[in-house]
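Me: I have a structure open and have never read one like it. Can you take me through its features step by step?

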Amino acid sequence: MKILVTVKEVADVDDEFEIDGLGIDDRYVTYDLNEWDDYAVEAAVQIQEAGEDVEVVAVTIGDTDTEDTIRQALAKGADRAVRVWDDALAAAGLLDPETKARLIAAVAAEEDPDLVLTGVQSADDGFGATGVTLAEHLGFEWAAVVNDLDLDREAGVAHVHRELEGGVEELTDVELPAVLTIQTGINEPRYASLRGIRQAQSKELAEYTLADLGLTAADIESPLEQTDLYEPESEGDATVFEGSAEETASELAGLLREKGVGS
Amino acid sequence: MTVLTVAEHRRGELRDVSLELLTAGRELADATGGELHTAVVGGDVEAFAERLDREGVDAIHTVDEGEEFNHDVYTQVVHQLADAVDADLLVVPNSVNGLDYAPAVASRLDWPLVTDVVDLSYDDELTATRELYGSKVETTIDVHADRAAVTVRPAEWPAAEGTGDATVDAFDADVDESAVRSTVTGFEEVGGGEVDITDADVLVSVGRGIEEEENLNLIFDLAEALDATVSASRPLIDNGWLAKDRQVGQSGKVVTPDVYIAIGISGAVQHVAGMKGSDTIVAINTDPNAPIFDIADYGIQDDLFEVVPALIEEFQ
Ligand SMILES: Cc1cc2nc3c(=O)[nH]c(=O)nc-3n(C[C@H](O)[C@H](O)[C@H](O)COP(=O)(O)OP(=O)(O)OC[C@H]3O[C@@H](n4cnc5c(N)ncnc54)[C@H](O)[C@@H]3O)c2cc1C
C-alpha cells in the first residue's frame, strides 16, 4: 500500500513585523513544517509501522529553500519525497487550493496512492480546502477534519472520526482510495531522531517541474488575484495596563478585586 | 446576480450560521440587483424552511435527502441546484461540514473558491476579504470570474431577521447512490470529565505561551489564589498536558464566565468562538498585535512569566 502525505513549509510571523507589498517582509518571518502536516506525517508513519509493505511518500510544493522542511518528514520516517517547483510557480500569484490540488493530483497520477493524508489547513493562509479539492480531482473519497483513524486495509475502509464543532465527533466509514485531512491532536508527532535525520540525508528527494508532470503555465493560472495586504485596524478598545510587571499586576489585581475575584 | 446559500443543520437543529449566510447573500444580491435563494438539504426540511423564511429571501429550495449531513449527497445536490437556479455565487458556511463539501462542489462546477471569508463586496466583480497568519493581517482577493463559491466565517454577519415571503419548492435532486462512498455511522459527544469549565465564574485560561508542561504549576497557583478554574487553548490538550474537558473553543467548550483571563493565548478564531461571550476578558500576552487584544477589555502586553508571579503575590 502506498500513502501520499502532503507537507508544506509555512511562514510564522514575528510579533513586530513589516509588510512588503503583498507579503510580509522576510526579515520578520521564520519557516517551519506546518503544524497540521506534522500530524499527517505521524499518522502515515504509524500506519507504515503497524502494517506490512507500506510506502510513505511526502510531497510538497516549494522552492529549494523548502528542502530542509520536507527533510523533516523524511527524518520522521517517510520513505522518499517529491518536491514540485518551477519558474512559472515562482512567478505565479496566489497559489489557491485549486492550483495546489492540480499540481498534487499530477503527482498522485504518477504515484497511484491508496491513501492521501493532508493537514486540515496550513497555518499561514488557512484555506482549509486543498485536501477535499484534491480528492475531487482524483475521484477519491474523502473526509475533512479527521481526529481519529482506524484503517481496515483488507476491507478497504477507513473508520474515521470527524471533529465537528461543539465537542461532537462524527463517526464515518470512508471507502478507499481516499483523501483524509488530518486534525491536530490525532496522535503525538515524534521528534526526529539523530539517526532519522542522518538517514533523511540519503533518502530520495525528487524534483518535478510543470513539464515533468505534463502541465503548462496555463494550468496554474488562477482567477483569484490577491490585491492588498494590510494590518487590520484593531477593533478592540482594551484598556492596556502600562508599566513594570509589578505595576500592571497590581492594577489587574485591583480590577479583579473590584469584580469580587479572589476575595 | 443570483446568490445561492446553503443552510447547515445537525441532529435536528438549524445552525445559526445558516441565517448569517442570508444576510451576506442579501447584501450581494442587492449590490447586483439579483435574487437570493437558499437551500436546505436533509432532515426536517419543512420546519427548517419555515425558519429560513426571513426578510429578503426570494426562494427556498428544500431537498428531502437523508437525515444528517453526508458530503457525497450534499456535493451532488448542491451542484445540481446551482445549475438549476443558474446561480452566480454559492455561499456556504466555513464550518467543518462546509469545508467537507464546498471545495468539491466548486471544483465540479469549475468555479473558483475563496474560503473563510470575513467580508464581501461587489463592484464589477467580487472581492473577498480574508485573514492570514493567525489573523495578524488581512488580504483582499479579487475574483476574476463570472461565477464563484465562497465559505463565510461564522459570526461575521448578523443573522437575517423578520419574516419573509419566499417561495418554497421541493427540489427533486438526482442522487447517484453508487457515488456515495462514505457512511456516517453515528455521533460521539466528547468530554464529560471531572472539570466543568462552563460552570466557573472565573477562568484562568492558558495557551501555548506557557511553553513547558512544568510551567503549568504557575497557572494552577494563580487559579488557586483567585479561586478560579483552569481552562486552556487547544494545543495544550493536543499535547496531552491537560484533559479535553478544559478546552475552550470551536471544538471544545463555549464558556461565558464573569472573568476570563487569557494567558499566552493568541486569540485564534476557533478559540475566540468559545469565549467571546465572557463578561470581562483580560489578556496577558507579549505580542501587542495578538488578535486576543481585539476582544479583550483589559490587557497586559508583557511576559506572563513576570506578570503571573507578581499577580499571585498580590493575592497572598
Ligand atoms: C477545525 C479547527 C478547530 C479548532 N478548535 C480549536 C478550539 O476549540 N480551541 C482552540 O483554542 N483552538 C482551536 N483550534 C486551533 C487554533 O486555530 C489555534 O491553533 C490555537 O487556538 C492556538 O492556541 P494558542 O493561542 O495557545 O497558541 P498560539 O497561537 O501559538 O499563541 C501563543 C501566544 O502566546 C504568546 N506568548 C508566547 N510567549 C509568551 C510569554 N512568555 N508571555 C506572554 N505571552 C506569550 C504569543 O505571543 C502568542 O500570541 C482549532 C483549529 C482548527 C483548524
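Reply: Start with the ligand. This is a predicted model. A shell of 29 residues surrounds the ligand. The closest are Ser233(B), Ser251(B), Ser266(B), Gln270(B) and Asn285(B).

Me: Where does the ligand lie with respect to the chains?

Reply: The ligand lies between chains A and B.

Me: How do I read polar contacts, and which residues of chain B take part?

Reply: Look for pairs of N or O atoms within 3.5 Å. Take Ser266(B): an N or O atom in its side chain is 2.7 Å from an oxygen atom of the ligand. Val248(B) uses its backbone instead, with a polar atom 2.8 Å from a ligand nitrogen. For Asp303(B), the pair is a side-chain N or O atom and a nitrogen atom of the ligand, 2.9 Å apart.

Me: How much of the ligand does the protein bury?

Reply: Picture the ligand taken alone. It then exposes 990 Å². The protein buries 86% of that.

Me: Which elements give two or more residues to the shell?

Reply: Look at chain B. Helix H6 (234–238), helix H7 (269–272) and helix H9 (304–314) of chain B do so.

Me: And what classes of residue make up the shell?

Reply: Sort the shell residues by class. There are 16 polar residues, seven nonpolar and six charged.

Me: Now chain A. How many helices and strands does chain A have?

Reply: Chain A has seven helices and 15 strands. Its C-alpha atoms fill a box of roughly 65 × 40 × 40 Å along the principal axes.

Me: How do I read burial, and what share of chain A counts as buried?

Reply: A residue counts as buried under 20% relative accessible area. In chain A, 55% of the 263 residues pass that test. The accessible surface of chain A is about 11,400 Å², and carbon and sulfur atoms hold 42% of it.

Me: What do contacts tell me about sequence separation in chain A?

Reply: Take the contacts between residues at least 6 apart in sequence. In chain A, 70% of these join residues at least 24 apart.

Me: Back to chain B. Which domains does the assignment give?

Reply: Domain 1 of chain B covers 3–179, and domain 2 covers 197–314. Their C-alpha centres lie 34 Å apart.

Me: How many residues are in contact between domain 1 and domain 2 of chain B?

Reply: Count each side. Domain 1 of chain B gives six residues, and domain 2 of chain B gives five.

How values were computed:
Residues are numbered from 1 along each chain as its sequence is written. Chains are lettered from A and ligands numbered from 1 in the order in which they are written. This is a predicted model: local features need pLDDT of at least 70, side-chain atom pairs count only at pLDDT 80 or more; totals for chains, interfaces and linings use all residues. Side-chain values use heavy atoms; hydrogens and water are left out. A residue is near a molecule or strand if one of its heavy atoms lies within 4 Å of it. A polar contact is a pair of N or O atoms within 3.5 Å; within protein, one must be able to donate a hydrogen and the other to accept it, and residues adjacent in sequence count only if both atoms are side-chain atoms. Accessible areas come from the Shrake-Rupley method with a 1.4 Å probe; for residues, only the protein chains shown count as cover. Helices (H or I, at least four residues) and strands (E, at least two) are DSSP runs, numbered from the N terminus. Ala, Val, Leu, Ile, Met, Phe, Trp, Tyr, Cys and Pro count as nonpolar, Asp, Glu, Lys and Arg as charged, and the others, Gly among them, as polar. Buried means under 20% relative accessible area, exposed over 50%, partly exposed in between (1.4 Å probe, protein chains only). Contact means heavy atoms within 4.5 Å. Domain bounds come from an automatic or database domain assignment.
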